[in-house]
Amino acid sequence: MATAAAGKRKPVFVKVDQLKPGTAGHTLVAKVLSSKTVLQKGRPGAVAGPAARPTRIAECLIGDETGCILFTARNEQVDLMKPDSTVIIRNAKIDMFKGSMRLAVDKWGRIEVTEPTSFDVKEDNNLSLVEYELVNVSEE
């Protein structure tokens with residue numbers, strides 16, 4: 001594999017239908033279809049500083065022309081994931097929640113709002129509706 005002089009890899013953009021459980025390092029362009037706040041709480045007793053910031057979590061349905069998936073947005077990410085906006089999600093990972101996939105970005109990734117795209121989201125292929133079962137493979 002050829003590496004760039006600066007050691008940075010050029011991001012390879014993936015499509016939603018290529019996402020698989022237990023994978024990470026995904027960069028993709030997606031359209032935000034909806035956003036629903038699932039948790040919003042302040043920290044009792046915190047007066048100032050980082051601890052006083054409320055925790056916000058929203059589940060956002062995002063997708064591209066191949067499918068859609070639920071994205072778990074945390075805190076400042078919630079403000080970027082507005083319905084109808086187009087985002088570039090860098091270095092995202094797949095989290096499993098109750099047997100289904102969720103896309104998330106931790107401190108190593110980022111979300112950028114970008115120019116609107118021309119694609120129509122394939123809403124009838126929602127990867128978060130697929131249930132996975134953890135199968136332990138015994139090594140003989």
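User: Helices (H or I, at least four residues) and strands (E, at least two) are DSSP runs here, numbered from the N terminus. With that settled, in which loop does Asn-75 lie?

Analyst: Asn-75 is in the loop between β3 and α1. Before we go on, this is a predicted model, where local features need pLDDT of at least 70 and side-chain atom pairs count only at pLDDT 80 or more, while totals for chains, interfaces and linings use all residues. Residues are numbered from 1 along each chain as its sequence is written, and side-chain values use heavy atoms, with hydrogens and water left out.

User: Thanks! What's the phi of Asn-75?

Analyst: Near 50°, which is a positive value in a residue other than glycine. For background, most residues other than glycine have a negative phi.

User: And is Asn-75 buried, exposed or partly exposed?

Analyst: Partly exposed, because its relative accessibility is 27%; buried means under 20% relative accessible area, exposed over 50%, and partly exposed in between, with a 1.4 Å probe and protein chains only.

User: What about Lys-98, where does that one lie?

Analyst: Lys-98 lies in the loop between β4 and β5 (100–104). Its phi is also positive, at about 50°, although Lys-98 is not a glycine. At 71% relative accessibility, Lys-98 counts as exposed.

User: Zooming out, what pattern does the chain follow along the sequence?

Analyst: It reads β-β-β-α-β-β-β, which gives one helix and six strands. Of the 140 residues in the chain, 35% are buried.

User: How much of the contact set is long-range, say 24 or more positions apart?

Analyst: Such pairs make up 63% of the contacts in the chain with a separation of 6 or more, where contact means heavy atoms within 4.5 Å.

User: Got an example? Which residues does Arg-90 contact?

Analyst: Arg-90 is found in strand β4. Leaving aside neighbours within four places in sequence, its contacts include Pro-11, Phe-13, His-26, Thr-27, Val-105 and Glu-112. The C-alpha atoms of Arg-90 and Thr-27 are separated by 4.3 Å, though the two are 63 residues apart along the chain.

User: And Ser-85, buried or exposed?

Analyst: Buried, since its relative accessible area is 14%. Ser-85 sits in the loop between α1 (76–80) and β4. Not counting residues up to four places away in sequence, Ser-85 touches Ala-30, Lys-31, Val-32 and Leu-80.

User: Switching to pockets: what's the volume of the second largest one?

Analyst: About 170 Å³. A pocket here is an open set of points on a 1 Å grid over the protein atoms alone, where a 1.4 Å probe fits, with protein on both sides within 12 Å along at least five of seven lines; lining residues have an atom within 4 Å of a point. The volume is the space filled by probe spheres set on the points, which are joined across faces, edges and corners.

User: Who lines it, and which element gives the most?

Analyst: The lining is Val-38, Ile-57, Glu-59, Thr-72, Arg-74, Asp-95, Met-96, Phe-97 and Arg-102. Elements giving two or more residues are β2 (55–64), β3 (67–74) and β4 (86–97), and β4 gives the most, with three.

User: Last one: how many disulfides are there?

Analyst: Zero, counting a disulfide as a pair of cysteine sulfur atoms within 2.5 Å. Cys-60 is buried, with a relative accessible area of 0%, and Cys-68 is buried at 1%.
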